[in-house]
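Here are some notes for a colleague who is meeting this structure for the first time. Please keep the sequence and the model open while going through the numbered points.

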Amino acid sequence: MEALALKPGMIKFFIAALSVSLVLTGCGGTNGENGTDTTNTTEANNASTTTSPDNTESPDNTASQDSGEKVTLDFWGWGGKFQTDYTKIVLSEFEKQHPNIKVKYIAEQGIEKLTTLIAGGTPPDVALLDRFMAGAWAAKGSLESLNPYLEIDGDVSADDYYPSVWAEGNYKGELYAMPFGTDNRAMYYNKTLMKEAGLDPEKPPTTISELDAAAEKIFKKTSSGYEQVGFIPWMNQGFLYTQGWNFGGEWAKGEELTPNDPQIVKALEWMAGYAKKYDMAKINKFNDVMGKTGINPFWTGKVGFVFDGNWILNDLTSNAKVKPTFEWGVAPMPSEDGYAQTTWAGGWSWVMPKGAKHPKESWELLKFIAGYDGTLLWGKRADAGNDITAMPKVNEELKITEKEKLKVFVGLMEIAHTRPVTPAGQKLWDETFKASDAALNGKGEPKKLLDEAKKNVDNELKKLTAK
């Protein structure tokens with residue numbers, strides 16, 4: 001996803017919201033959270049300036065491997081270690097299987113640059129894009145529909161992917177983005193703190209009411225703040241998006257965006273209740289201390305429960321500062337009484353930008369890197385860590401469910417939500433943070449704030465979809 005600029009005053013309230021940047025960049029381990037360097041390469045090659053041909057004809061997939069015509073595809077992806085590894089592990093194998101196709105790797109130079117290339121008719125043939133952005137880019141005509149290829153190519157099927165992950169790459173019934181990796185969220189809990197508080201460490205809370213009761217027993221005050229906290233709803237991946245789903249809310253009904261859904265309002269009221277009950281100033285002070293440790297707050301041993309993603313499991317091997325001295329576990333996030341426990345997933349995708357010079361060969365590359373072969377090759381790499389691929393069959397072959405903590409996340413993928421596929425997705429995301437910031441700081445009632453968010457999102461959607 002594109003980067004989100006938080007106002008200075010908001011940063012305190014979403015600390016661990018270093019993790020905000022994780023959500024806004026797809027979140028999954030494939031984007032570098034297992035140690036892969038995804039820094040932009042400033043000396044990257046520029047895309048070709050050749051004018052793109054008319055790509056309106058139906059694709060002819062039969063000639064790609066057999067015509068003998070030599071084609072070079074411009075491939076837009078992360079730089080640094082990712083570029084080196086992905087080229088060696090995945091792209092080199094593709095080239096072996098397709099001797100007439102050469103892949104020219106271009107280290108990505110930012111979303112604005114990619115937008116400029118597409119607008120100028122000189123895009124790369126295949127590019128990396130946050131799946132969250134696929135709907136917006138499809139709506140403005142920046143991506144090629146992949147439906148014509150699906151209709152004549154039986155090698156790719158929606159059934160090969162997790163339902164929500166596949167759906168996130170579709171807009172108005174057409175596929176625009178092939179899934180590349182995924183992630184989701186669960187609850188990390190400190191068994192040691194639970195035991196000290198007189199709670200059963202083998203029975204983590206499953207409902208919001210149980211979580212509230214357990215958290216209250218773990219909060220430990222000092223003269224000026226907190227020595228340890230039971231739970232902070234907005235810490236790490238505890239965004240309003242997360243809590244809205246945990247309360248049974250719906251962010252969209254058909255094409256209508258519904259940030260003021262009654263259950264989402266209830267979720268924000270609950271979050272604001274924590275800010276009032278436990279004193280926002282004291283929580284901020286605790287968060288400031290946590291921020292200075294250089295590690296995820298949960299690993300300090302001073303947080304009872306936190307909602308976070310599978311990627312933080314990689315901290316155990318990639319961050320030398322992380323050396324837990326306490327017992328801990330992972331479980332599905334608690335839900336509001338009467339609602340099923342759930343999660344939401346994010347991730348990246350491979351797309352064919354509008355005006356790609358070699359659509360036929362680009363499709364061959366797309367279905368390889370996002371299909372079984374490419375997904376398995378990348379999933380098997382030595383430093384895959386706790387990544388989850390977008391394909392259940394590959395995850396089974398990799399036996400990632402044999403990892404005790406990771407299997408909780410994998411088991412949730414079949415029911416995972418994804419953010420609404422809409423041209424106004426970024427606006428909706430921004431508005432949730434704006435409303436949360438105000439509610440947590442006592443600057444508005446949740447219902448009115450989310451009604452305003454609804455109004456702003458609707459206005460944005462009208463502008464974006466106006467003919």
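1. A residue is called buried when its relative accessible area is under 20%, exposed when over 50%, and partly exposed in between, using a 1.4 Å probe and protein chains only. The model is a predicted one, in which local features need pLDDT of at least 70 and side-chain atom pairs count only at pLDDT 80 or more, while totals for chains, interfaces and linings use all residues. Residues are numbered from 1 along each chain as its sequence is written, and side-chain values use heavy atoms, with hydrogens and water left out.

2. As an overview, the protein has 19 helices and 14 strands, where helices (H or I, at least four residues) and strands (E, at least two) are DSSP runs numbered from the N terminus. Of its 467 residues, 58% are buried. Among contacts (heavy atoms within 4.5 Å) with a separation of 6 or more, 79% join residues 24 or more positions apart.

3. One open sheet consists of 5 strands in the order 2-1-3-14-6, with mixed pairing; two strands pair if DSSP finds at least two bridges between them. Strand 2 (101-107) and strand 6 are the edge strands, each pairing on one side only. On average, and with direction ignored, neighbouring strands of this sheet are turned by 20° against each other; axes here are lines fitted to C-alpha atoms, for helices over the stretch in contact, and angles run from 0 to 180 degrees between N-to-C directions. Helix 14 (residues 359-369) packs on the sheet and touches strand 1, strand 2, strand 3, strand 6 and strand 14, its direction making about 50° with that of strand 1.

4. Within that sheet, strand 1 (residues 71-77) and strand 3 (residues 126-130) pair in the parallel sense over 2 bridges, and W76 has A127 in strand 3 as its bridge partner. Strand 6 (residues 178-183), by contrast, pairs with strand 14 (residues 346-351) in the antiparallel sense over 4 bridges, with P179 matched to S349 in strand 14. Strand 6 is also mostly covered, since 6 of its 6 residues are buried.

5. A second open sheet, again of 5 strands and with mixed pairing, has the order 8-9-12-7-13. Strand 8 (220-221) and strand 13 (328-331) stand at its edges with a single partner strand each, so one side of each is left without a neighbour in the sheet. Helix 12 (residues 280-291) packs on this sheet, touching strand 9 (226-231) and strand 12 (303-309), and its direction makes about 105° with that of strand 9. Strand 7 (residues 185-190) pairs with strand 13 in the antiparallel sense over 4 bridges, and M187 stands opposite A331 in strand 13.

6. Which residues of helix 9 (residues 208-218) are buried? They are I208, L211, A214, A215 and I218. Seen down the axis of helix 9, these buried residues fall within an arc of 125° and so line one face of the helix, the arc being that of the directions from the helix axis to the C-beta atoms. Their cover includes strand 7, helix 8 (191-196), strand 8, strand 9, helix 11 (262-277) and strand 12.

7. Finally, the axes of helix 18 (residues 425-440) and helix 19 (residues 446-465) come within 9 Å and cross at roughly 160°. Helix 18 and helix 19 are therefore roughly antiparallel to each other, given that angles under 35 degrees count as roughly parallel, over 145 as roughly antiparallel, 65 to 115 as roughly perpendicular and the rest as oblique. Residues meeting across this pair include L428, E431 and A435 in helix 18 and L449, A453 and V457 in helix 19.
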